[in-house]
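Trainee: Before we discuss this model, I would like to go through the terms used for it and ask, for each of them, what justifies the word.

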Amino acid sequence: MASRYAPKTVLAHLIQRRNQTYSEIVAEFVELGGTITERHLRRLASGERAGTTPQTRRTLQRLFGKPVEELLAPYVPEQAAQVVPAPAASGRITTGNEMEVLDMAASRARAFALAAQSGLGSEAMEQVYDDVRHAAQAYPQRPLPEILGQLVETQDLVFGLLESRQRPDHHRQLYFLAGVTGGLLAKASHDLGNPHAALTQARTAFMCADNADHHGLRAWVRGLQSLVSYWAGNPHDSVRYAQLGAGYAEQANSTTSVWLPVSEARAWAALGNPEATRAALERAEEAWNSVHNDDLDDMGGLCTFGRNRQLYYAADALAQLPGEVEQAQRYSSQAVDAYTDQNHPEWAFGDAAGSHAAMAITRIASGELDGAADALAPVLTLPTERRINGVVHSARRVHQALRQSGRADDARELQEEIETFTRTPMQTYPR
């Protein structure tokens, strides 16, 4: 009987020695400013999961007085006499860390409100919605390493809530939120250059959209699958996913009815089909006549598709077609102008960079090498944490356009700058 309860990790042993329940440990975790679900803690203690966010690592170390690597290591009984939990740190507020302290306090309040209820009440559901909405709005504007940990924990929280007993109406809402968080993590996987993980997340997100019976969410996930396939170099799959989502978008009448055809246009351009590209761009423009924002659009950020992104997608598509240089120049100029204001709600650093890259390509096609260098300059100065997969690929396209222009020798310096830029893509914080 004793072996059945033998701890698998040092963390499990410490919890066992304290003679506390996991829910009690979660409460202490919250008091120290951390955010963790009981399910996540159990998986860490059982050795099923090793990934943690920086905030979780710091709080675990404060709670148990040991580095996370040691806490998650397999428990060896001989170590028992040496394992003594250390007292929690005082959490003194010093100049410069006030915002971090406030964020920790907010996380504590959030986790307490969710953990204190056996069933999900209206206030708790509103908190979960707010967490997902915050992630969707922050995603296009903040470096991924800053939000990835919280996004993973939010998905873990929503999955945990779905696995527990909830009211039927809350179950449907939670599946909707699980679909959104899964979609955001699909985009994160893509931004880190992992299309396999991205499509895996997207498939689960689509299943959640089915369980929520939400046409707009179904169409949105298809748009993400089209995006991932496009940048992974699979334009036929990109077209297929965009077309698969068209029926759902038509029923939703959300901004996905613009996103899907303009995504299809980019893929047709990559396949060298100008007629299909122009037709898809026209369908995207016509779709605005019937757009009515749904609750997914109301999330904002990555969950909605605005005219600024439409300009960028059109520029990106047309820049790939030799016979559409004039139109590509017009769209890229408008897109660059649209993304000038970083305080605009639709501003997104990745789309801004893609707009500049499209402008550089059109200028190369017109023989304006100095103009191309000027257009790409803001991209090449992006810090490493903003060099997501799509941005790096856009820069490589400019490099390719220079090679194919027949004037590569005249643009050697720009090519070398691009090569240096693409050698250092974004990396997340170590886990």
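Mentor: What follows is a set of questions and answers in which values are set against the cut-offs that give them their names. Please keep in mind throughout that this is a predicted model.

Trainee: Let us begin with the overall picture; how many helices and strands are there, and what share of the residues counts as buried?

Mentor: The protein has 20 helices and zero strands, and of its 431 residues 53% count as buried. Among the contacts with a separation of 6 or more, 69% are made by residues 24 or more positions apart.

Trainee: Why is C208 called buried?

Mentor: The word buried is reserved for residues under 20% relative accessible area, and C208 has 2% relative accessibility, so C208 counts as buried. The value for C303 is 2% relative accessibility, and therefore C303 counts as buried.

Trainee: How many disulfides does the structure hold?

Mentor: The structure holds zero disulfides, the cut-off for such a pair being cysteine sulfur atoms within 2.5 Å. In general terms, a disulfide is a covalent bond between the sulfur atoms of two cysteines.

Trainee: What makes M207 partly exposed, rather than buried or exposed?

Mentor: Partly exposed is the range between the limit of 20% for buried and the limit of 50% for exposed, and because M207 has a relative accessible area of 43%, M207 is partly exposed. This residue is part of helix α10, residues 195-212, and its C-alpha atom is separated by 8.8 Å from that of Y175, a residue 32 positions away along the chain.

Trainee: And where does D213 lie, and why is D213 described as partly exposed?

Mentor: D213 is found in the loop between α10 and α11 (215-231), and its relative accessible area is 47%, so D213 is partly exposed. Its phi is near 50°, which is a positive value in a residue other than glycine.

Trainee: Which other residues have a positive phi?

Mentor: N253, although not a glycine, has a positive phi of about 55°, and N253 sits in the loop between α12 and α13 (256-270). With a relative accessible area of 27%, N253 is partly exposed, because 27% falls between the limits of 20% and 50%. Another is N19, which follows α1 and has a positive phi near 60°.

Trainee: Which residues of α1 are buried?

Mentor: In helix α1, which covers residues 10-18, the buried residues include V10, L11, A12, H13, L14 and I15. L11 also appears in a comparison with K66, since the two are 55 residues apart in sequence and 9.4 Å apart in space, C-alpha to C-alpha.

Trainee: Why does K66, a lysine in a loop, count as buried?

Mentor: K66 belongs to the loop between α4 (54-64) and α5 (68-71), but the word rests on accessibility, and at 15% relative accessibility K66 is under the limit of 20%, so K66 counts as buried.

Trainee: How do you know that S238 is buried, and what does S238 touch?

Mentor: The relative accessible area of S238 is 1%, which is under 20%, and therefore S238 is buried. S238 is located in helix α12, residues 235-252, and, leaving aside residues up to four places away in sequence, S238 touches S226, S229, Y230, S263 and A267.

Trainee: Which residues have the most contacts inside the largest nonpolar core?

Mentor: The largest nonpolar core has 101 residues, and F176, L177, W220 and L376 are those with the most contacts inside it. Apart from residues up to four places away in sequence, L376 touches A357, A360, V398, L414 and I418. A second, separate core of 19 residues includes L14, I36, A45 and L71.

Trainee: Finally, what makes a space a cavity, and which residues line the largest one?

Mentor: A cavity is a space where a 1.4 Å probe fits but cannot get out. The structure holds one cavity of 30 Å³ or more, and the largest cavity has a volume of about 30 Å³. Its lining is formed by D316, G354, A357, A358, I361, S394 and R397. The elements giving two or more residues to this lining are α17 (349-365) and α19 (389-404), with α17 giving the most, four residues. By type, the lining divides into three nonpolar, two polar and two charged residues.

Methods. Residues numbered from 1 in each chain as written. Predicted model: local features only at pLDDT ≥ 70, side-chain atom pairs only at ≥ 80, totals over all residues. Heavy atoms only, no water. Core = buried A, V, L, I, M, F, W, Y, C linked by side-chain atoms within 4.5 Å. Buried < 20%, exposed > 50% of the residue type's maximum accessible area, 1.4 Å probe, protein only. Contact = heavy atoms within 4.5 Å. 1 Å grid on protein atoms, 1.4 Å probe; cavity = no way out; pocket = protein on both sides within 12 Å on 5 of 7 lines; lining within 4 Å. Points joined across faces, edges and corners; volume = space filled by probe spheres on them. Nonpolar A, V, L, I, M, F, W, Y, C, P; charged D, E, K, R; others polar.
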